[in-house]
Amino acid sequence: MGIRLPGLVHAKMILRRSFLTANQSTSAATDVPKGHLAVYIGETTQKKRFVVPISYLNHPSFQSLLTRAEEEFGFDHPMGALTIPCQEEAFIRLTSCLNGS
């Protein structure tokens, strides 16, 4: 059993291509490709934006994150998009696993 770093790097590149800082969020809605959704990840005031395929919504691990977001924010997300209270590294690991399955 080995570590597949190229897969993790690839997943990180895919997720980060739509990363925006708070100052760049004016065109946020226009850079989400069809079949994807934007989510903000972070447990502090500094959140990072990722674009993920909507197919992730069916995965139980991702649904667990959505439940956590609902418990913390309800349906009023401060960033204007889905905000998930999760550490960035944990989110990247999860999406890397989802990309491989």
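How much area does the protein chain expose, and what share of it do carbon and sulfur atoms supply? The protein chain exposes about 6,600 Å², and carbon and sulfur atoms supply 56% of that area. Please keep in mind while I talk that what you see above is a predicted model.

Let me start with the overall layout. The secondary structure of the protein chain comes to three helices and three strands, and if you read from the N terminus on, the elements run in the order α-β-β-α-β-α. Of the 101 residues in the protein chain, 33% count as buried. If we take the contacts between residues at least 6 apart in sequence, then 53% of them join residues that are at least 24 apart.

Now I would like to turn to helix H2, which covers residues 60-73. A helix with the 14 residues of H2 should span 20 Å, because each residue accounts for 1.5 Å, and the C-alpha atoms at the ends of H2 do lie 20 Å apart, so the two values agree.

Which residues of H2 are buried? They are Phe62, Leu65, Ala69 and Phe73, and because these residues cover an arc of only 55 degrees around the axis, they sit on the same side of H2. The face turned away from that buried side carries the exposed residues Pro60 and Glu71. As for the partners of the buried residues, they pack against strand E2 (48-53), strand E3 (82-84) and H3. Just after the helix comes Gly74, whose phi is positive, near 65 degrees.

My last topic is the aromatic rings. A search of the whole structure finds three aromatic pairs, and one of them is formed by Phe62 and Phe91, whose rings are 6.3 Å apart, centre to centre, with 55 degrees between their planes, an arrangement that counts as tilted. This pair links distant parts of the chain, since Phe62 belongs to helix H2 while Phe91 belongs to helix H3 (residues 88-100), and the two are 29 residues apart. Are these two residues, Phe62 and Phe91, buried or exposed? Both Phe62 and Phe91 are buried.

The pair is also part of a wider group, in that Phe50, Tyr56, Phe62 and Phe91 form one aromatic cluster. If you want to follow one residue through the whole picture, I suggest Phe62, which is among the buried residues of H2, pairs with Phe91 and belongs to the aromatic cluster.

Key: Residues are numbered from 1 along each chain as its sequence is written. This is a predicted model: local features need pLDDT of at least 70, side-chain atom pairs count only at pLDDT 80 or more; totals for chains, interfaces and linings use all residues. Side-chain values use heavy atoms; hydrogens and water are left out. Rings of Phe, Tyr and Trp (its six-membered ring) pair if their centres lie within 6.5 Å; planes under 30 degrees apart count as stacked, over 60 as edge-to-face and the rest as tilted. Helices (H or I, at least four residues) and strands (E, at least two) are DSSP runs, numbered from the N terminus. Buried means under 20% relative accessible area, exposed over 50%, partly exposed in between (1.4 Å probe, protein chains only). Contact means heavy atoms within 4.5 Å. Accessible areas come from the Shrake-Rupley method with a 1.4 Å probe; for residues, only the protein chains shown count as cover. The expected span of a helix is 1.5 Å times one less than its number of residues. The arc is that of the directions from the helix axis to the C-beta atoms.
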